[in-house]
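Morning, everyone. Today I'd like to walk through the empty spaces in one protein chain. Here is the sequence with its model.

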Amino acid sequence: MLVVDKVDLEKIAEIALNLALKSGASEVESFVFNGRMKNVYVENGEVRLVTNNSWVGLGVKTILKKKIGFASGYIYNDENANRVVQESLKLAKVSPEDPNFVGLPNPIKSEYDETLGYDKETENILMEDLISFTQKVINAAESDKRVKVMNGLLRVNSFEFSIKNSHGLSGTNKGTFVFLHFTTKSGEAEGVKKAYSSKISDINFRLVGEELRKKTLVAREAVAFKGKEILPTIIIPEELEGLFNSTLTVAVSGENVNKKRSPWTNKLNEQVASAQLTIYDDPTFAMGPRSTHIDDEGVPTFKKPIIEDGILKSFLYDSYNANIANKESTGNGFRRGTRSIENAHIRIAACAPSNIVVKPGKMPLEELIADTKKGILIEKFAAPNADGITGNFGLEIRSALLIENGEFKKPIKHALLAGNFYDGLKNIEGIANESELIENVYTPAIKFAKFQVVGQ
């Protein structure tokens with residue numbers, strides 16, 4: 001990707017739309033995306049690479065009756081939009097008819113402000129400031145000589161897009177979000193810390209480094225777990241995010257519901273979780289990477305309960321899957337990621353949550369721990385995810401703390417946590433009252449009644 005000058009996104013979208021209609025398309029969607037991404041990469045405690053890229057990409061969906069074609073490409077002026085349009089039409093002509101296609105979304109006015117999810121300071125942050133912030137993390141983490149920062153990334157994404165279709169829909173959106181991920185080592189012990197926000201000012205870089213150092217030194221004292229036990233398990237937000245994104249997003253996807261792949265198909269308004277659990281899809285959550293007034297199809301977004309007091313309340317739909325289900329789109333058609341905005345224009349919008357917000361409980365994490373006669377607190381998995389269809393998981397524990405009589409006893413490693421996450425959601429013993437944003441999941445720590453810990 002190269003740095004490009006600012007272009008008129010709405011003009012390009014309009015040109016592509018008109019070209020496709022004049023070439024015979026019965027319906028057209030034109031999506032123009034201008035992305036800017038600043039990265040600071042760290043290796044072995046030093047800043048090794050700095051990049052500052054921007055690009056403009058065009059994605060065009062054309063429909064010939066029920067034949068659908070989609071093509072995309074990077075563009076640097078409005079003249080080569082025709083190439084993308086013609087490629088899309090070629091693909092539509094040779095594609096089989098899609099019997100499920102009903103039509104592109106109609107224009108509806110959003111109730112939210114267009115600046116939702118955007119921060120001017122973050123968009124205009126200087127590279128030298130990002131390097132300085134990165135150095136704060138390194139300095140704080142390595143203030144104990146036993147700790148070494150191995151890898152790190154500080155990324156600032158900023159973007160704007162224009163979406164138009166042949167039904168008269170026309171929308172623009174802009175946003176920003178920051179992604180930070182650092183890893184450390186001390187001997188064989190590892191530490192990981194992540195931070196996310198739509199605003200650079202929300203992140204305390206020195207505190208990130210301090211927490212990273214503390215986690216690493218705790219892991220340094222870990223010993224191999226012996227035996228096999230079923231224990232109450234507290235999982236912190238950094239590890240819960242992967243479990244929610246690998247299961248909940250599968251279960252509530254309108255596409256998976258339509259295809260009968262969701263484990264919650266036909267369970268709307270039924271109990272699927274503990275009465276303690278309430279989860280929202282919240283595009284109004286200010287810190288979130290997908291805070292937005294419209295989704296990537298131009299459909300207005302709105303806050304909605306996914307689970308309310310344990311009852312399944314909503315599935316999430318883009319326009320295509322909403323039409324199949326004979327429902328309205330919920331404003332959940334997204335193309336862009338939650339860590340990076342690269343290649344947003346090369347994807348057709350698909351069912352995805354905006355920001356997953358778990359309602360906090362009333363008890364501090366310290367009280368959840370104090371209320372545990374015997375249990376475990378998970379600080380780090382090798383890779384936190386579960387099977388989205390079955391909910392089953394077997395996760396390598398890289399760092400955890402055993403709890404006895406409400407107190408930490410010893411850190412452990414070389415163990416496996418096994419169970420079923422959907423069952424875990426039904427058996428929650430407590431939810432902490434302080435939340436943390438990891439990617440697009442804003443959640444507190446949660447105490448599950450019983451998962452199995454398997455050691456050597």
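First, how I sort lining residues: Ala, Val, Leu, Ile, Met, Phe, Trp, Tyr, Cys and Pro count as nonpolar, Asp, Glu, Lys and Arg as charged, and the others, Gly among them, as polar. Next, the spaces themselves. We work on a 1 Å grid over the protein atoms alone. A cavity is a set of points where a 1.4 Å probe fits but cannot get out. A pocket is an open set with protein on both sides within 12 Å along at least five of seven lines. Lining residues have an atom within 4 Å of a point. Grid points are joined across faces, edges and corners, and a volume is the space filled by probe spheres set on the points.

Two notes on the source. This is a predicted model, where local features need pLDDT of at least 70, side-chain atom pairs count only at pLDDT 80 or more, and totals for chains, interfaces and linings use all residues. Residues are numbered from 1 along each chain as its sequence is written, and side-chain values use heavy atoms, with hydrogens and water left out.

Now the overall chain. There are ten helices and 20 strands; helices (H or I, at least four residues) and strands (E, at least two) are DSSP runs, numbered from the N terminus. The C-alpha trace spans about 75 × 55 × 35 Å along its principal axes. Of the 456 residues, 57% are buried, meaning under 20% relative accessible area with a 1.4 Å probe, protein chains only.

Start with the cavities. How many of 30 Å³ or more does the structure hold? Two. The largest has a volume of about 80 Å³. Its lining is Glu190, Gly191, Val192, Lys215, Ala219, Glu238, Glu239, Glu379, Lys380 and Ser399. Elements β6, α5, α6 and β15 each give two or more residues to that lining. The largest share, three residues, comes from β6. By class, we get two nonpolar, two polar and six charged.

The second largest cavity holds about 40 Å³ of space. Lys61, Phe101, Gly103, Leu104, Glu297, Ser319 and Tyr320 line it. That makes three nonpolar, two polar and two charged.

Leu104 comes up again with Asn165. Asn165 lies in strand β4, residues 148-165. Is Asn165 buried or exposed? Buried, because its relative accessible area is 3%. Beyond its neighbours within four places in sequence, Asn165 is in contact (heavy atoms within 4.5 Å) with Leu17, Val28, Glu29, Leu104 and Pro105.

On to the pockets. The largest has a volume of about 950 Å³. Which of its 35 lining residues are closest to the centre? Lys193, Glu211, Lys215, Glu434 and Glu436. Elements giving two or more residues to this lining include β6 (189-197), α5 (205-220), β19 (428-438) and β20 (441-454). The lining divides into 20 nonpolar, four polar and eleven charged. Note that Lys215 lines the largest cavity and also sits in this pocket's lining.

The second largest pocket has a volume of about 370 Å³. It has 20 lining residues. Nearest its centre lie Asn106, Ile108, Val299, Glu328 and Ser329. The split here is nine nonpolar, seven polar and four charged.

That's the tour. Questions, please.

Notes
Buried means under 20% relative accessible area, exposed over 50%, partly exposed in between (1.4 Å probe, protein chains only).
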